[in-house]
Amino acid sequence: MQLTLWTYEGPPHIGAMRIATSLQNVHYVLHSPQGDTYADLLFTMIERREARPPVTYTTFQARDLGADTAALFKNSVRDAYTRFKPDLMVVGASCTAELIQDDPGGLAHALALPIPVVPLELPAYQKKENWGASESFYQIVRACARPAAAARPARPPASTEGRRPLCNILGPTALGFRHRDDLREIKALLGTLGIAIGVVAPLGAAPADLARLGEADFNVVLYPEIAHLTAQWLQRQFGQPATTTVPIGVGATRRFIAEVAALSGLAPDAPSVTAALAGSTLRLPWYSRSVDSTYLTDKRVFIFGDATHALAAARIARDELGLAVVGLGTYSREFARDFRAAAETYGVKPLITDDYLEVEREIAAAEPALVLGTQMERHIAKRLGIPCAVISAPIHVQDFPAHHAPYMGFEGANAIFDAWIQPLMMGLEEHLLTMFREDFEFHTAAPPSHLGRHVPQASPPAANTDPTRWADEALRELAKIPFFVRGKARRNTEKFAAERGISPITLETLYDAKAHFSH
Amino acid sequence: MNHSPAPPPIGLAPDALPVLRERGQREVFCGLTSIVWLHRKIQDAFFLVVGSRTCAHLLQSAAGVMIFAEPRFATAIIEERDLAGLADANDELDRIVTRLLERRRDIRLLFLVGSCPSEVIKLDLGRAAARLSARFAPEVSVLHYSGSGIETTFTEGEDAALAALVPVLPREADDAAPSLMVVGALSEIVEDQLARLFAEIGIAPVHFMPARRAREMPPLGSKTRFILAQPFLAETARGLMARGAQPIAAPFPLGAEGTSLWLGAAAAAFGIAPAALSARLGASEARARAAMAPHRAILAGKHVFFFPDSQLEVPLARFLARELGMELIEVATPYLHRQHLAAELALLPPDVMLVEGQDVERQLDRCRAAKPDLVVCGLGLANPLEAEQLTTKWSIELLFTPIQGYDQAGDLAELFARPLRRRARLRI
Ligand code: SF4
């Protein structure tokens, strides 16, 4: 058993629901008790979708358990088929139904419906939402995708054959973090490059569209957590290569353009490639070089999210904003190996966990000036009084803004600059706080003035808990250090003193320690 | 289960109101959801669900946006190794509870809450609770109940939790003076108002169950008279009666009329003359009616359609029909407890369409065909119905908002009027 206050991912059937809800003309019959219907509200309330997810729940009750839950399941499939007339049906079990072992796949098969029925086996006690989404997408694509009608000539370069290169876009889903806006951004980018888009899946694709997946020259994988498995299969099956760069951040977007150009057989200096790379609306690089941004230099940032977004955030934080990555973690265990390797380049120990309490401890210990995380880390940061921006699922209604807010492409980079910088204290404001600590309106935990609601709750007071160790004067000086670095200063000083056997800590010790740790 | 297209069975309620019984797909929460308000109600209680990732996800999805402080609930997620017998479920539970109680030293009452998976694998939470209670006594007592979706619907989780508390309520002496127990989790402001009203009409002592703290739970004995403040507390009522308490039958305290009848029933049980009562309550009731008046102007004559959700549907329908002049198209409720609702059913218009249970697709068909002015439904259905141009009131709000008593009657009416006002107001 695992003690869980908040979960980073839902159960795997939620992943399957995200795929089914993304697709068109697909219906999902889920063998489950009534309470599992809560999942509808994720789509209708958090994402504000206008239609219910295409899901029928069997909603068996205790009294059905002794009777015939299998017949109930078959009736539900039959009724759902009659009512919704989907082109394809997926069937499966939620955690409770998995225990009663009714075999949804076999039962649905026995009905001999005139449409494909894809059984999903999603072990609810081992796997989680993203795995479920990935597996469901893969199983559905396997059931639908056909090779291109005419065998493609040797490839690449498509562009020299006198036709536009053709790609699929794989990965965007319902309830995905900024998927709607990322997709628009990437479509525009591919348009600038002169690349035609075949199928976008799963978001908006019908089974008939999935059948055409094999026609493309290559696949663009936007979210490996969802589409990597499918892309691998398409590569084996149809010889379609896939992109490996996720275009989040300036550098990654440039690499993505180069990768896509190469897969399309476009010359690196082709006019369309040059135009795409120019990114006429890209502002992040100049904003980051602008002198007001110098205050960002080496600000401590703690990053946690799904593997893709966390790694992208780390790259942007270090290379494009000049922050110092002091913590980097993910709940995507499926990507643990790649994640570890990448984390090494930041010189931090990767945190791979889905234990919210552990993440909370690590953040508190790292004392970052900024947390980039999920809605869970937003809770933690709020409690610790640290600014936070959300970079990854799990998400909440605020993560579906009304305006276009991509994370991908050059506009995504612009949006990231705004979203991450906004919660931070501006440079001059920070200096004023440091200079005039004793101003009665700068109480010890003064928040950034532009964030009126942001009230730190857990900034420890600099109380002299152990008078033998701190001289009063030194302690008063400590209190003049802004709250967001005070804890660190205190611990460094105490460590410095302990190593040298100094007691009590005086003003001199404080400044000796400061000098010691500043190089 | 009846999934055949044959016409659904029509039964008769004791009071001769016809009831359509449906057994199809239900679009309702399970009992775990009650934890979202219960964990705030009892300030030193903690709810540990023993369940799956689904249960944890349900709780956080239902509660997520509403929880600003650290929640006093968590889930012990059953994993493959527990099912495969690689880990002893009881050892695991002990380890988790120990960790939890170390982290939250303010906790005095721990509920182990069963779920569908724990029920299906027959995890004996009763024994676990007894064992843990012995271990952590006297600081913490440990109780258990089931909030599983195979056994409980939404508010029945509160019923199960309160029913679990009944056996451990302190014993009241048999020669004690008669006391009144108000049963059901109410907001603090409502409790305080009701307490003042009871004092005014001369009923004392009055206890609220559950109390705000674990150590302050009310005493119970043969001199206890109890009155339900919520319609979904059948198990709790059964338990109270088994311990000798006397029930007071009444409609529920929603609206001016409902509150007067509810207080009146309590007063009658304590031998207070009706004339004395109306003299004391007349002003409060008039104030409630005045507060409802502007909303009545919006709601009167409008048609309302209830999807089954909280079991508050019947009392709410009575309130909307009688005090606000609304027309009832369909009143569906997950379960119709005829006994506890007898006084309510008697007040409904005789041609009302009552539905017990659900077949959500068929009900949606009926709802679309009826084109009601207002649909009361759960969160999963509200936006899709709005997108179809229907106006909705999401019902979960009725559990998180103070709605009982005279001084909330206007607020309660406003909750139903607001969606209509909003629709009329927007120019987009
Ligand atoms: S219906 Fe059962 S499995 Fe689903 S969330 Fe409720 S208790 Fe858990």
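**Contacts, sheets and a ligand between two chains**

Student: What makes A:Ser22, A:Arg49, A:Pro172, A:Thr173, A:Ala174 and A:Leu183 contacts of A:Leu203?

Tutor: In this predicted model, A:Leu203 touches each of these six residues, with residues up to four places away in sequence left out; they are called contacts because heavy atoms lie within 4.5 Å. A:Leu203 itself belongs to the loop between strand 7 (196-201) and helix 9 (207-211) of chain A, and its C-alpha atom is separated by 9.2 Å from that of A:Arg18, which is 185 residues apart from A:Leu203 along the chain.

Student: Why are strand 3 (55-57) and strand 5 (117-120) of chain A called edge strands?

Tutor: The open sheet in question has 4 strands of chain A in the order 3-2-4-5, with parallel pairing, and strand 3 and strand 5 each pair on one side only. From one strand to the next, the twist averages 20°.

Student: How do you know that strand 4 (residues 88-93) of chain A and strand 5 of chain A pair?

Tutor: Pairing requires at least two bridges, and these strands of chain A have 4 bridges in the parallel sense, so they count as paired. Within this sheet, A:Gly92 stands opposite A:Leu120 of strand 5 of chain A. Helix 7 (residues 129-144) of chain A packs on the sheet, where it touches strand 4 and strand 5 of chain A, and its direction makes about 155° with that of strand 5 of chain A.

Student: What makes strand 1 of chain A and strand 4 (residues 73-77) of chain B a pair?

Tutor: Against the requirement of at least two bridges, these strands show 3 bridges in the antiparallel sense, and therefore they pair; A:Gln2, for instance, has B:Ile77 as its bridge partner. Both strands belong to an open sheet of 5 strands with the order 1(A)-4(B)-3(B)-5(B)-6(B) and mixed pairing. The edge strands of that sheet are strand 1 (2-4) of chain A and strand 6 (141-146) of chain B.

Student: Where does the ligand lie, and which residues are the closest?

Tutor: The ligand lies between chains A and B, and among the 13 residues that surround the ligand the closest are A:Gly35, A:Asp36, B:Cys30, B:Cys55 and B:Cys116. The ligand sits in the second largest cavity, a statement that holds because more than half of its atoms lie within 2 Å of the grid points. By class, the surrounding shell has 7 nonpolar, 5 polar and 1 charged residues.

Notes. Residues numbered from 1 in each chain as written. Chains lettered and ligands numbered in written order. Predicted model: local features only at pLDDT ≥ 70, side-chain atom pairs only at ≥ 80, totals over all residues. Heavy atoms only, no water. Helix = DSSP H or I, 4+ residues; strand = E, 2+ residues; numbered from the N terminus. Axes fitted to C-alpha atoms, helices over the stretch in contact; angles between N-to-C directions. Near = heavy atom within 4 Å. 1 Å grid on protein atoms, 1.4 Å probe; cavity = no way out; pocket = protein on both sides within 12 Å on 5 of 7 lines; lining within 4 Å. Nonpolar A, V, L, I, M, F, W, Y, C, P; charged D, E, K, R; others polar.
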